[in-house]
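Please open the model in your viewer and keep the selection panel at hand. The tour goes from the whole chain to the ligand site.

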Amino acid sequence: MTETRIKIAVQKKGRLAEGSFALLDKAGVKLAYGKDQLLRRAENMALDLMLIRDDDIPSFVASGACDYGIVGENVLYELQADRAGRLNDLEVALELGFAKCALKLAAPKDGTIACAADLESKAVATSYPGLTKAYLSARGIRADIIEMGGSVEVAPRMHIADAICDLVSTGATLDANGLAAFETVLESQAVMIKRKDAPKDVIGDILIERFKGVIASRQTKYILLNAPKDRLDDVRNILPGAQAPTVAPVVGRDDVVAVHAVCTEAVFWSTLEQLKSVGAQSILVLPIEKMMA
Ligand code: ATP
Ligand code: ZN
C-alpha cells in the first residue's frame, strides 16, 4: 500500500518563510536533505513541503495541489477580494501568531488627508487593490485605485497618488517617506489555510494540534520562586495567568515556601520587580519547550 502524504505550501524565501520553518521544526517536522527546489520531504512524518511564492499559496491549496498552506491573511483576503471562484472555498484552519503586520491607509504628514473620507476623488496607490477598494466602497468613498507591484511608499512623493494603502509593521518606512498612517484596513498574521470541504486527515490534525502547542508555549513560562508564607496571596495575584501554582515547603525554613507556576501570559521584568517587592526571592523564569493540554 502506498502511503498517503499530505502537502503543505510554504513560502520559499521571505518574511513568512523563516517563521514557517521555525514552526514546523518546533512541531517536530524533520526535513530530509534534497536537491529539489520545489518539494522538501519530511523524513519523520508523512508530509512534504511545497516551496513557492507566497502569492501562489492560496491557489495551490484551492486547486488541491496542496492540502494546507501557510500564508499571510493579507495575501489570502486580497486574492479572495479580487477574484471569485475557488479561492473562496478556502478557510483559516489556525492562526499562527507570527508575521504580524497591518494594511493601512497613509498620506503625507503635512497634507490635507487625515481620514478615509478625505480620499473621495483622490488617487490611492496600493499593491492590495481588492482590499483597498472593498474598504473604501463599503464606506461610500469613490477613489481612484492605482495598482503598484512594490515601492508604494514613494507614490505620493512622485505625485503618482495622493495617499497609499500598504503593509506596515513598525511604521519606520512610512516615517522615512514623510507619511503617516490614519486608518487600518486589515490586521494580518500568518495563518494555516485549507479547503473548506477537505476531508479530515490524521497527519493534518496532528500537525495542527502540535502547532497549537508551539503557539501556546511561545509565551508560556515556568516560574520558580521562594516566597514568605504570609505574602503568598500577593505573589499569586502578581503571577500572570497562573492557574494553580504548586506550593511546597522549603527545608529548614518555616516562614518561606517554594512556588512553582506555569504562567500563560507574558512575564516581564516589571513582573519580577513586583514579585520581589512583596518579598519573593530566587526568582527563576524558564521557557517551556513543549506543552499539550
Ligand atoms: P514572495 O517572493 O514570496 O512573493 P514577498 O516579497 O511577496 O515574497 P515578503 O516581503 O517576504 O513577501 O512578505 C511576506 C508576508 O510577510 C507578507 O505578505 C505579510 O503577510 C508578512 N509581513 C510581515 N511584516 C511585514 C512587513 N513589515 N512588510 C511586508 N510584509 C510583512
Ligand atoms: Zn509575494
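The stops below cover the domains, the pocket, the shell around the ligand and its polar contacts.

Note before starting that this is a predicted model.

**Stop 1: domains.** Colour the chain by its three ranges: domain 1 (6-97 + 190-217), domain 2 (101-188) and domain 3 (221-287). Domain 1 is written as two segments, 6-97 and 190-217. Taken over C-alpha atoms, the centres of domain 2 and domain 3 are 47 Å apart.

**Stop 2: the pocket.** Select ligand 1, which sits in the largest pocket. Two elements each give two or more residues to the shell around the ligand: helix H1 (15-26) and helix H3 (73-82).

**Stop 3: the shell.** Select the residues around ligand 1; there are 14, and those that come nearest are Gln-11, Arg-15, Asp-55, Asn-74 and Ser-169. By class, the shell holds five nonpolar, five polar and four charged residues. Which domains supply at least three residues each to this shell? They are domain 1 (6-97 + 190-217) and domain 2 (101-188).

**Stop 4: polar contacts.** Show the side chains of Arg-53, Asn-74 and Ser-169 as sticks. In Arg-53, a side-chain N or O atom is 2.8 Å from an oxygen atom of ligand 1. For Asn-74, a polar side-chain atom lies 2.7 Å from a ligand oxygen atom. At Ser-169 the partner is a nitrogen atom of ligand 1, with a polar side-chain atom 2.6 Å away.

**Stop 5: cover.** Turn on the surface of ligand 1: on its own the ligand has 630 Å² of accessible area, and the protein covers 76% of that.

Terms used:
Residues numbered from 1 in each chain as written. Chains lettered and ligands numbered in written order. Predicted model: local features only at pLDDT ≥ 70, side-chain atom pairs only at ≥ 80, totals over all residues. Heavy atoms only, no water. Near = heavy atom within 4 Å. Polar contact = N/O pair within 3.5 Å; in protein donor to acceptor, adjacent residues only side chain to side chain. Areas by Shrake-Rupley, 256 points an atom, 1.4 Å probe, with all protein chains shown as cover. 1 Å grid on protein atoms, 1.4 Å probe; cavity = no way out; pocket = protein on both sides within 12 Å on 5 of 7 lines; lining within 4 Å. Sits in = over half its atoms within 2 Å of the grid points. Helix = DSSP H or I, 4+ residues; strand = E, 2+ residues; numbered from the N terminus. Nonpolar A, V, L, I, M, F, W, Y, C, P; charged D, E, K, R; others polar. Domains from an automatic or database assignment.
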